[in-house]
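Me: I have a model open and want to learn how to read it. Where do I begin?

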Amino acid sequence: MSDWKPFAVVYDPIKVGSIDGTDTAPHDNGIVRAINTKYRPNKGVVGDPHCTVFIGRLNHVTTEETVIEGFKRYGEIKQFRLVRDIVTGFSRGYAFVEYHKEMSARLAYDRGHQMIIDDKQILVDYELERTLPGWKPRRLGGGFGGKKESGQLRFGCRDRPFRRPIEIGAQKCKQWNQFDDRAGNYSRERQRRSRSRGRKRSRSDDIRQRRSRSHGRKRSRSCDRRSRSHDRKRSRSRGRKRSRSHDRKRSRSHERRPRNTIEIENDHE
C-alpha cells in the first residue's frame, strides 16, 4: 500500500476502530454511536488551531502554573486553558496551550511528548477538533486512544498509530488460489486415509478379541482338567487311607475277641 499512513487524515469511526485502518463494519457500540451522531465544533473556542497543542493524561492535582512552567520553554504562550469539571471544579486531566507562533507548537509537539509532570507521563498532540475533518469526541464514541479494559480502542493517533497492513503479492495470491483448488482433493484424500486406518484398526481389534477369547477358553479348559485330576487324586488317596485304616481296626478287633471268649469260658468252668 503506497498511500498508507500511520495517522488518520480524515476521521472515519470505522477505520479508526481497527488496528490497521482496514475495517469496513463497526465492531462496538461506540463506533455505531459515532456514525449516527453529528458533531459541530464548539463556536466558543477561539485562537489559531495550528498554533495550539493538546496536553493529556495530566495528574488531577496538577495546576495551571505547573503546566505553564513546563511548556513556556518552547515559546511564548498566548493562551492556556486547563479543562475542569463544571460541577466540582476539579481538573479533568487535559489542557490546551496556544502559542504565538506555529513553530513553537511544533517544538512542544516534538519535545514535550512523554514529559513527566507531577509523577505522571503526559501526552502531547495537535488540536484535532478544528483541524481533523469528521472529528467526533470521545463522549460520542469517537476520539483516539482508550484503554484495553473498555474494549473501545481508537487508532490512527500519536498514542496508537495504525499498523501497516499485511501485503500479499501476486505470486502469493496465486499460491493461495492453488491451495484453495487443491483443498477439495486434499480433504478427500485425507478422508480416505482416515477410513482405511479405521478399517485396519477395527480388524486388529477383532483379531485381538478372538485371541483373547481363545486364550480364555484354553485357560478354562486347562483349569477344568487340573481341577478334575486333582479331585480324582484326592478321592483316591482318601479312599486308600480310609480302607487301610478300617481294615487294620477290623483285624485288631477280630484278634482280641477270641481271647476274651476263652477267658470267659474258663471262668464258668
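Reply: Begin with strand pairing. Two strands pair if DSSP finds at least two bridges between them. Here, in this predicted model, E2 and E3 form a hairpin with 6 residues between them. Gly89 sits in the turn, with a positive phi of about 85°.

Me: How many bridges join E2 to E3, and in which direction do the strands run?

Reply: There are 6 bridges, and the two strands run antiparallel. For a landmark, look at Leu82, which stands opposite Ala95 in E3.

Me: How far should I trust the coordinates?

Reply: Check the confidence score. Where pLDDT is low, the predicted coordinates should not be read in detail. The protein chain averages a pLDDT of 80, and 64% of the residues score at least 70. Over residues 259-269 the pLDDT is below 50. That stretch has 0 contacts in the model beyond near neighbours in sequence.

Me: What is the overall make-up of the chain?

Reply: Count the elements, then read their order. The protein chain has 5 helices and 6 strands. Along the sequence the pattern is α-α-β-α-β-β-α-β-β-β-α. Contacts add to that picture. Of those with a separation of 6 or more, 63% link residues 24 or more positions apart.

Me: And what of burial and surface?

Reply: Buried means under 20% relative accessible area. Of the 269 residues in the protein chain, 25% are buried. The accessible surface comes to about 21,300 Å². Carbon and sulfur atoms account for 47% of that surface.

Me: In which order do the strands of the open sheet lie?

Reply: Follow the pairings from one edge to the other. The order is E2-E3-E1-E6, with antiparallel pairing. Strand E2 (77-84) and strand E6 (123-126) are the edge strands, each pairing on one side only. From one strand to the next, the twist averages 20°.

Me: What holds the E6 edge in register on the page?

Reply: Look at the bridges again. Strand E1 (residues 52-56) is joined to E6 by 4 bridges, and the two run antiparallel. Ile55 stands opposite Val124 in E6.

Me: Which helices should I look at against these strands?

Reply: Take H3 and H4. Helix H3 (residues 64-71) lies across E1, E2, strand E3 (91-99) and E6. H3 runs at about 140° to E2. Helix H4 (residues 102-111) packs on the sheet and touches E1, E3 and E6. The direction of H4 makes about 145° with that of E6.

Me: Which residues of H3 are buried?

Reply: They are Val67, Gly70 and Phe71. Next, ask where they point. They cover an arc of only 90° around the axis, which puts them on the same side of H3. The buried residues of H3 pack against E1, E2, E3, H4, strand E4 (116-117) and E6.

Me: Can we try that reading on H2?

Reply: Use the same steps: find the buried residues, then their face, then their partners. In helix H2 (residues 29-36), Gly30, Ile31 and Ala34 are buried. Seen down the axis of H2, these buried residues fall within an arc of 100°, so they line one face of the helix. Their partner is helix H1 (13-16), against which they pack.

Me: Which exposed residues does the face of H2 turned away from its buried side carry?

Reply: That face carries Asn29 and Asn36. Pick out both side chains on screen, then turn back to Gly30, Ile31 and Ala34, the buried residues of H2.

Methods. Residues numbered from 1 in each chain as written. Heavy atoms only, no water. pLDDT = per-residue confidence, 0-100. Contact = heavy atoms within 4.5 Å. Buried < 20%, exposed > 50% of the residue type's maximum accessible area, 1.4 Å probe, protein only. Areas by Shrake-Rupley, 256 points an atom, 1.4 Å probe, with all protein chains shown as cover. Axes fitted to C-alpha atoms, helices over the stretch in contact; angles between N-to-C directions. Arc of directions from axis to C-beta.
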